[in-house]
Amino acid sequence: MTAIKHALQRDIFTPNDERLLSIVNVCKAGKKKRNCFLCATVTTERPVQVNVVKVKKSDKGDFYKRQTAWTLRDLAVVDAKDAVKENPEFDLHFDKVYKWVASSTVEKNTFISCIWKLNQRYLRKKIDFINVSSQLLEESVPSGENQSVAGGDEEAVDEYQELNAREEQDIEIMMEGCEYAISNAEAFAEKLSRELQVLDGANIQSIMASEKQVNILMKLLDEALKEVDQIELKLSSYEEMLQSVKEQMDQISESNHLIHLSSTNNVKLLSEIEFLVNHMDLAKGHIKALQEGDLTSSRGIEACTNAADALLQCMNVALRPGHDMLHAVKQQQQRFSDLREQFARRLASHLNSVFVQQGHDQSSTLAQHSAELTLPNHHPFHRDLLRYAKLMEWLKNTDYGKYEGLTKNYMDYLSRLYEREIKDFFEVAKIKMTGTTREGKKFATLPRKESAVKQETESLHGSSGKLTGSTSSLNKLSVQSSGNRRSQSSSLLDMGNMSASDLDVADRTKFDKIFEQVLSELEPLCLAEQDFISKFFKLQQHQSMSGTTTIEVEEMDGVALSRSYTSGVPQMISSEKDMIRQMMTKIFRCIEPELNNLIALGDKIDSFNSLYMLVKMSHHVWTAQNVDPASFLSTTLGNVLVTVKRNFDKCISNQMKQMDEVKISKKSKVGILPFVAEFEEFAALAESIFKNAERRGDLDKAYTKLIRAVFVSVEKVANESQKTPRDVVMMENFHHIFATLSRLKISCLEAEKKEAKQKYTDHLQSYVIYSLGQPLEKLNHFFEGVEARVAQGIREEEVSYQLAFNKQELRKVIKEYPGKEVKKGLDNLYKKVDKHLCEEENLLQVVWHSMQDEFIRQYKHFEGLIARCYPGSGITMEFTIQDILDYCSSIAQSH
C-alpha cells in the first residue's frame with residue numbers, strides 16, 4: 001500500500017500541487033468488484049483545499065488516472081454502518097449517496113479518522129459521523145499552524161517549518177563566518193555548542209541582575225491588589241443601592257406588561273364585539289318587515305325581500321371559534337330562528353292564499369274561451385307571482401320543508417285548473433272537428449245540434465275503427481265498372497254541386513287547421529308555464545346544450561324517434577331539471593291522453609288525417625327539441641308522435657289489406673282499378689301535405705309499401721278477370737300508374753315508374769299480338785308451311801316446286817282475301833278492342849295504331865316470302881299497305 005501511495009503522490013497529486021494524506025482500496029457495493037482508490041488530499045497552496053479523490057487503474061496500461069473528485073465541504077454524512085462490529089462497508093453522502101466496500105476494516109477506519117481530522121483542522125463544518133466508533137474520533141483539537149494533522153507523514157512534514165526572513169538572514173551571517181562548516185561539520189558543531197553555552201550564561205546573569213526590578217514589580221502588584229479590594233468594596237455598596245432600584249424597575253416592567261396585555265385584550269374584545277354587532281344585529285325595520293310586512297303590495301314585498309336577505313346573512317355569518325358559546329350569541333341565533341320560522345310560516349300561508357285567489361280569478365275567465373278554440377292566458381297570474389320569486393328562493397334556502405309544501409300545493413292546484421281548461425279546450429276542438437265533418441259529409445242527412453255532436457264525440461273516445469260517414473276513398477276499395485262509378489259519383493253531389501272529393505279536401509283542410517291550432521295553443525302554454533316554474537321556484541332550466549346528446553330510443557317499423565338525455569352536468573343541476581320535468585308532468589298530466597283522444601278521433605273521421613297529424617306533430621316535436629330536447633313539451637310531443645306514427649302505419653296497412661281483399665265483378669269489364677285511382681289520390685294528397693316536411697322518410701317508406709301492394713293487387717285482379725283480358729287489365733292500370741308517377745315526380749319511386757312503364761309496354765304488345773292474331777288465317781298457314789320446308793333444308797327458290805306450295809296454290813289462297821274481306825275483319829277487330837278497353841284511360845287509339853303496325857309487319861313478311869320463294873312469278877296480294885292504312889283510318893273515324 002505504501003508503494004501505491006508514493007506512486008499516486010508522484011504521478012497524480014504532485015503535478016497538481018496536492019499532498020496525499022490517506023488512501024483506502026474500495027469497490028462499489030452491490031456490483032462487480034472493480035477496485036479503485038479513495039484518496040484524502042490537501043493542496044500545498046493557501047488557502048488549503050481538502051478533497052476526496054477517486055483514482056482508478058487504467059485499462060490500457062499499468063498506471064493510474066484521476067476519475068472523480070469531491071471537496072470535503074460537499075460531504076454531509078459519513079456512515080460507517082456499524083460502530084461495534086468490523087464491517088468494511090461505508091457510505092459517503094455528497095450530492096448523492098456513494099456506497100463503498102473497503103478491502104479491509106483497518107483501511108476504512110484509518111480513512112474515516114483522517115477525514116475527521118481534516119474536517120477539525122481546516123473546515124470545522126457539521127459533518128455527521130454515524131455508526132463510527134468513538135475511538136476513531138479524537139477530542140476536538142484547536143486549530144493552528146503547528147498542529148499535527150494526520151499520521152506520521154504529516155508530523156514529519158510539520159517538523160520542518162518554513163523560515164522567516166530574519167531567520168534566513170541570521171543563518172546566512174553565521175554561514176559566512178564559518179566557511180569551513182561545509183568541510184568540517186564536527187568543528188562547526190563544537191563552535192555552535194560553545195557559543196550556546198556562552199549565551200546561556202549571559203542569560204542567567206541577566207536574570208540575576210533583574211531581581212531588583214522583580215521585587216519592585218511585586219510591590220507594585222501588591223499595591224494594585226489593595227486598590228482592587230477598595231474598588232470591590234465600593235462596587236458592592238453601589239450594588240446594594242441599585243438592588244432596590246432593580247426591584248422597583250422589575251415591578252414597573254411587570255406592571256407595564258400587564259397594562260399592555262390588558263390593552264391588547266381590550267382591543268381584541270372590542271374587535272370581537274364589533275364583529276358580532278356588525279354581523280349579527282338585524283335592523284328594527286327589517287324585524288318589523290318580517291313580522292308585519294305587507295305581502296300584497298310591491299313595496300311591502302320588496303321590504304320583506306330585503307329583510308329576509310338581511311336575516312339570512314345574519315344567520316349564515318361565519319362565527320369565530322368560541323362565539324357559539326356566548327349566551328348573547330345563542331340568544332340572537334334563537335331570535336333569528338324564531339323570526340325565520342315566523343316569516344316562513346306567514347309567507348307560505350300568504351302564497352297558498354294567492355294560489356287559491358288567482359285560481360278563482362282564472363276560473364272566472366274560462367267562460368269566454370269555451371266557445372272558441374283558445375286557451376286562457378296565464379301571463380297575469382305568472383306576473384303577479386313572480387314578485388315573490390326572491391322570497392321563494394329565500395324560503396328554499398332556509399326552510400326547504402315549507403318550500404316543498406308550497407311546490408306540492410302549487411302542483412295540486414294548477415293540475416286541477418289546467419285539467420279543466422285543457423279538457424274544455426279539447427272538447428271545443430272535437431266539436432269543431434265532428435260538427436264540420438258531419439255537416440259536409442255526403443252520407444249525412446240532417447245537421448245535428450252541438451250537444452248531440454258533443455255526446456257522439458265523447459262516445460268515440462277510446463274506440464277504434466271508422467266513423468259511419470268516413471269519406472276516405474281508400475276505405476271503399478271495391479272494383480266497379482266505369483259506368484257504375486260515373487253514375488254513383490253523379491248521385492253524390494250536393495251542397496252547391498260540390499263533389500265528394502271536394503268535400504273530403506275541405507274536411508281535411510279544416511281538420512288540419514284545427515289540429516295545428518290545438519298544437520299552437522298548447523306549445524306556448526307549456527313553455528310559459530315551464531319558464532315560470534323555473535323562475536318562481538328557482539330551478540335550473542335546460543338552457544345550455546353542452547353535455548346534451550340525442551339518441552334514438554325507439555324504432556317503430558323502421559322509423560327512429562328521437563329522444564335526448566343529459567350527461568356531464570352537476571348532480572344538483574340535474575336533479576333540479578328533473579324536478580321541473582316532474583312538476584310539468586303533474587301539472588299537465590291530461591295533455592297526453594287528451595291529445596291521444598283527439599288523434600284517435602281524427603283517425604276515425606278520416607284515416608287520411610293521420611298524414612296531416614304526422615307532419616304537424618313532427619314539426620312541433622322538431623321545434624320543441626331545438627328549444628329544449630329534454631323538456632316536458634318535447635317528451636310529451638315525442639310520445640304523442642309515436643301514436644301518430646302508429647296510426648299512419650295502420651292506415652297504410654289497412655289500405656294494403658283492403659287491396660289484398662279486393663273482389664272484382666264477373667259481369668262488367670274491369671277498367672282502371674279503384675285502388676289504382678285511389679293511390680293516385682293518396683300520392684297527390686301526400687305530396688301536398690309532406691311538402692318541406694321533416695319526416696319525408698316516413699312517406700317514402702309508405703310509398704314503397706303501397707306501390708308494391710298495388711302492383712301485386714293489379715296482377716291478382718288481372719289473373720282473376722273473366723270479362724276483361726288479363727293483358728288489358730295490366731296494360732291500362734300500369735299505364736295509369738306510370739302516368740301518375742311521371743306527373744307527381746316522386747323521387748323514391750323512380751324504379752317503380754320504370755317498372756310500370758315496362759309492364760305497360762309488354763302487355764300492350766302482348767295484347768296487340770293476341771288480339772290481332774292471324775287476320776289472313778289461310779295465307780298465314782300457307783306461309784307457315786313454306787317456312788317449315790325451308791327449315792327442313794329446301795332452298796327458298798325451290799319451294800315453288802313442292803306440290804302443296806306451288807304458284808297455283810299460292811294464287812288460290814291469295815284470292816280468298818280481297819280488300820273488302822280484309823277491311824271487314826279489321827272492323828270486327830276494332831269493335832272487339834273497343835269492348836275490352838275502358839274510356840277513362842283512352843288507350844283505344846294507341847292500341848289500334850299498334851295493331852295497324854303489327855298487321856303491316858305481317859303483310860311485309862308475306863311479301864318478303866313471296867319475293868324470295870316465288871321470284872319472277874308476278875304474284876302479289878289483293879291489297880296494298882296503303883289500303884291497310886286507309887282501312888284502319890276509315891274504321892277509326894267511323895267509330
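**Exercise 1. Surface charge**

Task: In this predicted model, which residues gather in a patch of negative charge on the surface?

Solution. Step 1: Candidates must have over 30% relative accessible area and no salt bridge, with like charges joined within 9 Å. Step 2: The residues that gather in the negative patch are Glu 167, Glu 168, Asp 170 and Glu 172. Step 3: One of them, Glu 172, can be placed in helix H4, which covers residues 165-177.

**Exercise 2. Salt bridges**

Task: State how many salt bridges the whole structure holds, then locate the partners of the pair Arg 708 and Glu 755.

Solution. Step 1: The search of the whole structure returns 29 salt bridges. Step 2: In the salt bridge between the side chains of Arg 708 and Glu 755, the N to O distance is 2.9 Å. Step 3: Arg 708 belongs to helix H21 (residues 696-720) and Glu 755 to helix H23 (residues 750-772). Step 4: With their positions 47 residues apart, the pair links distant parts of the chain.

**Exercise 3. Backbone geometry**

Task: Where is the cis peptide bond at Pro 47, and what is phi of Asp 17?

Solution. Step 1: The bond from Arg 46 to Pro 47 has omega near 0° and is cis. Step 2: Pro 47 sits in the loop between S2 and strand S3 (50-57). Step 3: For Asp 17, phi is near 55°, which is positive although the residue is not glycine. Step 4: The loop holding Asp 17 runs between helix H1 (2-13) and strand S1 (18-28).

**Exercise 4. Confidence**

Task: Which elements have the lowest and the highest mean pLDDT?

Solution. Step 1: For the protein chain the mean pLDDT is 76, and 81% of residues reach 70 or more. Step 2: Helix H14 (residues 482-491) has the lowest mean among the elements, 34, and strand S2 (residues 36-43) the highest, 93. Step 3: The pLDDT is below 50 over residues 436-500, a stretch with 117 contacts in the model beyond near neighbours in sequence. Step 4: Where pLDDT is low, predicted coordinates should not be read in detail.

Note on methods:
Residues numbered from 1 in each chain as written. Predicted model: local features only at pLDDT ≥ 70, side-chain atom pairs only at ≥ 80, totals over all residues. Heavy atoms only, no water. pLDDT = per-residue confidence, 0-100. Helix = DSSP H or I, 4+ residues; strand = E, 2+ residues; numbered from the N terminus. Contact = heavy atoms within 4.5 Å. Patch = residues over 30% accessible without salt bridge, like charges linked within 9 Å, V, L, I, M, F, W, Y side chains within 5 Å. Areas by Shrake-Rupley, 256 points an atom, 1.4 Å probe, with all protein chains shown as cover. Salt bridge = Lys/Arg side-chain N within 4 Å of Asp/Glu carboxyl O. Lys, Arg positive; Asp, Glu negative; His and termini not counted. Charge placed at Lys NZ, Arg CZ, Asp CG, Glu CD.
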